[in-house]
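Subject: Structure for you to look at

Hello,

Here is the structure I said I would pass on. Please open it first and keep it beside you while you read the notes that follow.

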Amino acid sequence: MKEVLLPELAESVVEGEILKWLVQEGDTIALEQPLCEVMTDKVTVELPSPVAGVLSKRLAGEGDVVAVHAAIALIDETGGAAAAPAAAPLSTQAQEEREQVGGSIVEAGHLQNKADDDSTSLFKAFSSDEKVQVQGLGARQPAAPATPAQPTRADGRVLAVPAARQLARELNLDLTQVRGSGPNGRIRVSDVLAHQGINQAQAAPAQPAAPAQAPAQAAQPAAAPVKAPAAGGMPVAPVQYRTPKGYEHLEDRVPLRGMRRAISNQMQASHLYTVRTLTVDEVNLSRLVEFRARVKEDAAAAGVKLSYLPFIFKAVAVALRKFPSLNTSFDEATQEIVQKRYYNIGMAVATDAGLTVPVLKDVNHKSVFDLAREVSDLAVRAQGGKLQADELAGSTFSVTNIGSIGALFSFPIINVPDAAILGIHSIQKRPIVDEYDNIVVAHMMYLSLSFDHRLVDGAEAARFCKEVIRLLENPDRLMLEAM
């Protein structure tokens, strides 16, 4: 009997969700025949069969999240039609991973992320093997086993997400004593909190209490939710939803799965693990509107559909070179600021399945026409769900174009682990006072920059916006500086 294992579908991917099985138990399968659809960080791929034979048993169901290298199916290579014994249990690792992925611009990209670390969305999760995973909506809180055995990496470090390491440091807790519930035994924040709750429960009998009340008090720690310490700043348990009495027949419930789950996790990670701050400005695009009109025919002759986005991406790349703090990330595991000398810009794309964020690589080395072609190509393939995992990873900064649907203003969510995201909005004609004190009609647009205040100071963010504005208001200068 051949075990089918979930392979490493992309760098830094540690788990995937079984979206759909393409074959049934008992079906005869050819070598390389697609078995199922798997989503990792909002990228969906078909998993081919490594052998020919008969599918004896599916070890993971649709909607299950399993770890990389966990068994998802059994194939009888002899070709016999008999299914695997009904009593065959799930592997321990596969069973542990049947829970919500932690972890989502644009979420047309994330999932992600899933996409995490990871996907088409505006927000892929941390790209290192230490990527942050947060308990998502609908996830089950893992129980903390009594035994403190914990797997380690080759270098001897305990496997744990960065947020769990930080919380353990604040609690002065040895991670080797905590049982992990994540992929390959990785410790999550909930595991640290659960372990701390067990310690408090064990210490409770030592506290003075009336003898008659002792039984009741002994039972309370198991039922009461574990509260995060004030110093740690970790969130309390989410509010439990309850349907109003008499409205049950007017509600429908849809499982949080696929891209929507990846988006949810990426957004939650961004909210919990960044200090999001906003700065707002506006730019007069009148000269850029005229410049684009002049070169539009040349672009069409070259087979290029020229929008304003390529100009904005070039201006952002130039400004990032002058203000490098906005082109950084924070490595939670090592407590280091990662300074990058490459400029990969994530582009938020809204699709029918959700928000995804494909990445334009090395923007500083490409022409406006090159970027225009790439923008069109990525947008079309994002809409069709045809993006590859590596096209959703590696952003250093992100841009979300909410103005494409007419929005005047927004407060973008940072595409972690990026340090910032720029929101661009609708271009509107408005009266302004020019340098000669004349009231004129201008093409104006708001810019909204969300940034992680741990990495970027407010003054630096404001100067970055002013540099982007200077370049967009002087497109001839932009073309010179972007070369």
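**What was found**

V280 is partly exposed, with a relative accessible area of 39%. It sits in strand β9, which covers residues 276–284. Together with L408 and F409, V280 forms a nonpolar patch on the surface, and the accessible area of the three comes to about 250 Å². Please keep in mind that this is a predicted model.

**The chain as a whole**

The chain has 483 residues, and 50% of them are buried. Ten helices and 19 strands are found in it. Its accessible surface is about 23100 Å², and carbon and sulfur atoms account for 54% of that.

**A four-stranded sheet**

One sheet is a good place to start with the strands. It is open and has four strands in the order β1-β8-β6-β3, with antiparallel pairing. The edges are β1 and β3 (28–29), each of which pairs on one side only.

You can follow the sheet from one edge to the other:

- Strand β1 (residues 2–5) is joined to β8 by four bridges, and the two run antiparallel. Here L5 has A71 of β8 as its bridge partner.
- β6 and β8 are also antiparallel, with four bridges between them. L55 is matched with I75 in β8.
- β3 and β6 pair in the antiparallel sense over two bridges. T28 stands opposite V54 in β6.

How many of the residues of β8 (residues 71–76) are buried? Six of its six residues are, so the strand is mostly covered.

**S49, in a loop by the sheet strands**

S49 belongs to the loop that runs between β5 (43–48) and β6 (53–58). Is S49 buried or exposed? Its relative accessible area is 0%, so S49 is buried.

Which residues does S49 touch, once its neighbours within four places in sequence are left aside? They are I29, A30, L31, E32, Q33, L35 and I75. I75 in that list is the β8 residue that is the bridge partner of L55. L31 is 18 residues from S49 in sequence, but the two C-alpha atoms are 5.7 Å apart in space. The side chain of S49 also reaches the backbone oxygen of V51, at 2.5 Å.

**A hairpin**

Strand β18 (residues 428–433) pairs with strand β19 (residues 439–452) over six bridges, in the antiparallel sense. Within this pair, I432 has V440 of β19 as its bridge partner. The hairpin has five residues between the strands, and D437 takes a positive phi near 65°.

**Salt bridges**

Side chains of opposite charge can pair when their charged atoms come close. The structure holds 15 salt bridges.

E17 and R261 form one of them, with 3.0 Å between the closest N and O atoms. Are these two residues buried or exposed? E17 has a relative accessibility of 4%, so it counts as buried. R261 has a relative accessible area of 7%, so R261 is buried as well. The cut-off behind both statements is that buried means under 20% relative accessible area.

Helix α8 (residues 368–383) contains D370 and R373. These two form a salt bridge, and their closest N and O atoms are 3.3 Å apart. They are separated by about one helical turn, because they are three residues apart in the helix. D370 is partly exposed, at 35% relative accessible area, and R373 is partly exposed too, at 38%.

R381 and D377 also lie in α8, four residues apart, which is about one turn of the helix. The salt bridge between them has its closest N and O atoms 2.9 Å apart. D377 is partly exposed, with a relative accessible area of 36%.

Finally, some salt bridges are linked to each other. K322, E467, R470, R477 and E481 make up a network of this kind.

**Where to look**

If you want a short route through the model, begin with the patch of V280, L408 and F409. Then go to the sheet with the order β1-β8-β6-β3, and after that to the salt bridge between E17 and R261.

Regards

Terms used: Residues numbered from 1 in each chain as written. Predicted model: local features only at pLDDT ≥ 70, side-chain atom pairs only at ≥ 80, totals over all residues. Heavy atoms only, no water. Patch = residues over 30% accessible without salt bridge, like charges linked within 9 Å, V, L, I, M, F, W, Y side chains within 5 Å. Areas by Shrake-Rupley, 256 points an atom, 1.4 Å probe, with all protein chains shown as cover. Salt bridge = Lys/Arg side-chain N within 4 Å of Asp/Glu carboxyl O. Buried < 20%, exposed > 50% of the residue type's maximum accessible area, 1.4 Å probe, protein only. Contact = heavy atoms within 4.5 Å. Polar contact = N/O pair within 3.5 Å; in protein donor to acceptor, adjacent residues only side chain to side chain. Pairing = 2+ DSSP bridges.
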